[in-house]
Amino acid sequence: MPLLDTRVPAVILRIDRNPFHHGTLGAVRSLGRAGVEVHVVADESGSPVHRSRYVRRLHPPPAPGASADDVLAVLRRVADRIACPAVLVPMDDASAIAAGCLRDALAPSYLLPAMPGTLPARVADKAELAAVCASADVPHPVTLVPDSPQRATEDAWRLGLPLVAKWSRPWLLPAGSGLRSTLLVRSAEQARELYLRTDEAGSRLLLQAYLPPGPDRDWFFHGYANHSGAVRTGGPGRKQLAWPRGAGLTAVGCWTPNPQVQALAERLTGELGYRGIFDLDFRRCGTTGRYHLLDFNPRPGAQFRLFEDSAGLDVVRALHLDLTGRRPPTGEPVAGRRFVVENYAPLAALRTAPGGRELAWYARDDRGPGRAMWALWARHVSGRLRERLGARTAAAPASPLIPRAASPSPTDNEKASS
């Protein structure tokens with residue numbers, strides 16, 4: 001008997017526009033390799049994901065910033081095409097929040113974990129997360145929410161510099177605004193200027209105490225809380241390399257046993273009554289040794305394939321098994337297993353790992369996405385270089401006109417070469 005119920009298809013949903021989202025490809029491969037028919041509702045026409053042999057069909061996604069009604073209309077059109085109940089797998093915060101709110105409206109066309117519909121929005125909102133952690137006694141960096149430009153300045157001095165600035169609902173940030181979901185702030189004036197862009201950002205500004213990075217300080221936990229609330233599959237992982245360095249996504253991660261992180265994850269999801277896939281980010285304080293929760297993502301993390309156990313189970317497969325009423329196989333953690341995003345860490349992609357290794361894009365049984373990724377990445381990098389060179393050229397002062405008979409002074413030489 002196959003591991004998963006292959007009579008039940010899966011729909012991968014992502015509203016965010018990101019052609020390099022390797023987590024989407026991981027979900028496609030995980031379910032497709034198990035024989036499940038996989039439909040992708042995402043903007044993947046220009047992404048390597050559409051080259052995967054495991055994609056049955058691509059469907060147009062909701063627009064960024066779409067209302068719940070718009071998301072519902074898109075998913076109903078997809079359900080009409082599939083013509084049978086399907087497991088829904090949201091892959092970004094906006095999708096997870098919409099799915100939670102629409103759970104009753106989507107039934108019986110889609111299978112989703114049973115939990116309060118507002119819970120995904122509550123844990124994804126970075127302002128709400130501070131209160132969630134306090135109620136569950138889970139360490140969280142000191143977080144302040146200023147209500148005026150003056151208060152932003154005062155809070156910055158109160159927390160100490162540098163500090164971390166976050167928008168409470170980063171999925172609402174408008175494209176092309178230049179605003180980043182998380183930013184290291186080095187002056188009180190910078191905090192004030194960020195607050196002045198609150199209306200543009202679409203959510204509240206948070207100022208948070210900065211926990212410096214360091215060796216073995218960045219950790220994550222991916223898990224699946226089943227219908228009874230028990231956390232099954234997944235585990236703790238250590239971020240070995242980030243992109244951008246020090247504060248970015250996991251470029252290289254390693255499955256590493258950590259009872260403290262495991263206990264925090266299980267206590268938090270248990271207190272909340274959470275059901276489904278989750279991805280938690282932690283940072284260990286170098287002074288106290290305590291693990292502070294930085295983010296709660298109510299969906300699979302991009303590197304979730306790191307946590308495939310000895311029975312071949314990961315969090316996405318656990319979701320499908322649970323929602324179709326199948327008993328999961330018993331597997332063991334594979335300590336030392338590594339996950340590498342090869343366009344961010346090409347040298348690490350060449351190294352072996354004692355527990356095995358999985359690449360984000362390349363796979364022997366699905367080579368198309370890997371080839372497409374490198375072509376797309378080359379265009380992306382060259383485009384960014386042209387933008388930077390263009391910006392430098394535009395910012396450089398015009399070269400002075402120098403009479404042919406005159407010899408330019410050292411100052412003129414400096415200007416001409418700038």
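In this predicted model, histidine 292 sits in strand E14. Its relative accessibility comes out at 11%, so histidine 292 counts as buried, the cut-off being under 20%. Leaving aside residues up to four places away in sequence, the contacts of histidine 292 are Pro139, His140, Pro141, Leu211, Asp281, Phe282, Arg283 and Cys285.

Strand E14 belongs to an open sheet of seven strands, ordered E14-E13-E10-E11-E12-E15-E16, and the pairing is mixed. E14 (291–297) is one edge strand and E16 (357–359) is the other, each pairing on one side only. Going from one strand to the next, the twist averages 30°. As background, strands of a sheet pair through backbone hydrogen bonds, in either a parallel or an antiparallel fashion.

Further into the sheet comes E10, covering residues 218–225. Eight of its eight residues are buried, so E10 is largely enclosed by the rest of the structure. Both faces of E10 are covered: one side carries Asp218, Phe220, His222 and Tyr224, the other Trp219, Phe221, Gly223 and Ala225, and all of them are buried. E10 runs antiparallel to strand E13 (residues 276–284), and eight bridges join the two. Within this pair, tryptophan 219 has phenylalanine 282 of E13 as its bridge partner. With strand E11 (residues 231–243), E10 forms seven bridges, again in an antiparallel arrangement. Here phenylalanine 221 is matched with proline 236 of E11. The hairpin of E10 and E11 has five residues between the strands, and glycine 229 in that hairpin takes a positive phi near 95°.

Over at the E16 end, the pairing is parallel: three bridges join strand E15 (residues 338–340) to E16. Phenylalanine 339 has glutamate 358 in E16 as its bridge partner.

Now for the nonpolar cores. In soluble globular proteins, nonpolar side chains tend to be buried together. The largest nonpolar core in this model holds 48 residues, and Ile12, Val28 and Leu31 have the most contacts inside it. Helix H11 (residues 315–323) supplies the largest share of this core, with five residues. A second core, separate from that one, has 24 residues, including Ala136, Leu264, Tyr274 and Phe278. Back in the largest core, valine 28 touches Ile12, Val38, Val40, Val49, Ser52, Tyr54 and Val55, again setting aside residues up to four places away in sequence.

One helix pair is worth a look too. Helix H7 (residues 149–159) packs with helix H8 (residues 188–195) at an angle of about 145°, and their axes are 8 Å apart. The crossing is right-handed. On the H7 side, the contact is made by Pro149, Ala152, Thr153, Ala156 and Trp157, which meet Ala188, Ala191, Arg192 and Tyr195 of H8. Sorted by class, that contact consists of seven nonpolar, one polar and one charged residues.

Among the loops, the one between strand E7 (163–167) and strand E8 (182–185) holds serine 177. At 14% relative accessibility, serine 177 counts as buried. Serine 177 touches Arg197 and Glu200, with residues up to four places away in sequence not counted. From proline 139, one of the contacts of histidine 292, serine 177 is 38 residues away in sequence and 32 Å away in space, C-alpha to C-alpha.

That leaves some backbone details. Most residues other than glycine have a negative phi, and most peptide bonds are trans. Against that background, alanine 107 and proline 108 are joined by a cis peptide bond, with omega about 0°. Proline 108 lies in the loop between helix H4 (103–106) and strand E5 (110–111). Another cis peptide bond links tryptophan 243 to proline 244, with omega about -5°. Proline 244 is found in the loop between E11 and strand E12 (249–255).

As for phi, aspartate 137 has a positive value near 60° despite being a residue other than glycine. Aspartate 137 is located in the loop between helix H6 (126–136) and strand E6 (143–144), and with a relative accessible area of 56% it is exposed. Aspartate 216, not a glycine either, shows a positive phi of about 65°. The loop between strand E9 (205–209) and E10 is where aspartate 216 sits; this residue is partly exposed, at a relative accessible area of 40%.

Technical notes:
Residues are numbered from 1 along each chain as its sequence is written. This is a predicted model: local features need pLDDT of at least 70, side-chain atom pairs count only at pLDDT 80 or more; totals for chains, interfaces and linings use all residues. Side-chain values use heavy atoms; hydrogens and water are left out. Two strands pair if DSSP finds at least two bridges between them. Helices (H or I, at least four residues) and strands (E, at least two) are DSSP runs, numbered from the N terminus. Axes are lines fitted to C-alpha atoms, for helices over the stretch in contact, and angles run from 0 to 180 degrees between N-to-C directions. A nonpolar core is a set of buried Ala, Val, Leu, Ile, Met, Phe, Trp, Tyr and Cys residues joined through side-chain atoms within 4.5 Å. Buried means under 20% relative accessible area, exposed over 50%, partly exposed in between (1.4 Å probe, protein chains only). Contact means heavy atoms within 4.5 Å. A crossing is left-handed if the near helix is turned anticlockwise from the far one by less than a right angle, and right-handed if clockwise. Ala, Val, Leu, Ile, Met, Phe, Trp, Tyr, Cys and Pro count as nonpolar, Asp, Glu, Lys and Arg as charged, and the others, Gly among them, as polar.
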